[in-house]
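Work through the exercises below with the sequence and the model side by side. Try each task before reading its solution.

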Amino acid sequence: MSFTSPGLQTASLAALVLKTVEYSLWSGTKDLTYSTLPFDGRFVAKEFIDVFGYRFGKAGMAVLLATAKYATSNAVEPHILTLVAVVLTGVWLAIVVVERQ
């Protein structure tokens, strides 16, 4: 988005969308993970799940991007990353709509 129209407003909007999607995905995942544990396990494992899951997600995405760069022998073009982000956001929104009903 900021590649086609650079500026502070575009970057701010992109950051807002990124953090909104990240928070909603991460919060839902944490809640689902906690609900399977007994009460004592929730208390003990909460911080571990928070830190491990969040770091693992970021590291996994970094490895995926590095693998894509290595597989194509080239850096992945920004417009392709933008397209992937739009598609994944669309999939996420579709899942939200289906699960909400």
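Three exercises follow, on helices, a buried residue and a surface patch.

The model is predicted: local features need pLDDT of at least 70, side-chain atom pairs count only at pLDDT 80 or more, and totals for chains, interfaces and linings use all residues. Residues are numbered from 1 along each chain as its sequence is written, and side-chain values use heavy atoms, with hydrogens and water left out.

**Exercise 1.** Compare the expected span of α1 with the distance between its end C-alpha atoms, then do the same for α2.

Solution.
- Helices are DSSP runs of H or I with at least four residues, numbered from the N terminus; strands are runs of E with at least two.
- The expected span is 1.5 Å times one less than the number of residues.
- For α1, 28 residues should give 40 Å; the end C-alpha atoms are 40 Å apart, which agrees.
- For α2, 34 residues should give 50 Å, and the ends lie 47 Å apart, which agrees.
- α2 also has a kink of about 55° centred on A45; the bend is the angle between axes fitted to the seven residues ending at a residue and the seven starting there.
- After α2 comes S73, with a positive phi near 55°.

**Exercise 2.** Is I49 buried or exposed, and which residues does I49 touch?

Solution.
- Buried means under 20% relative accessible area, exposed over 50%, and partly exposed in between (1.4 Å probe, protein chains only).
- I49 has a relative accessible area of 15%, so I49 is buried.
- I49 belongs to helix α2, where A45 and D50 are buried too.
- Contact means heavy atoms within 4.5 Å. Leaving out residues up to four places away in sequence, I49 touches W26, T33, Y34, L37 and Y54.
- Among the buried residues of α1 are W26 and Y34.
- The cover of the buried residues of α2 includes α1 (8–35), and that of α1 includes α2 and α3.

**Exercise 3.** Which residues form the nonpolar patch on the surface, and which helix gives the largest share?

Solution.
- The patch consists of M61, L64, L65 and L81, with about 340 Å² of accessible area together.
- Helix α2 (residues 39–72) provides the largest share, three residues.
- L81 lies in helix α3 (residues 78–100).
- With a relative accessible area of 37%, L81 is partly exposed.
- Patches take residues with over 30% relative accessible area and no salt bridge, joining like charges within 9 Å and nonpolar side chains (Val, Leu, Ile, Met, Phe, Trp, Tyr) within 5 Å. A salt bridge is a side-chain nitrogen of Lys or Arg within 4 Å of a carboxyl oxygen of Asp or Glu.
- Accessible areas come from the Shrake-Rupley method with a 1.4 Å probe; for residues, only the protein chains shown count as cover.
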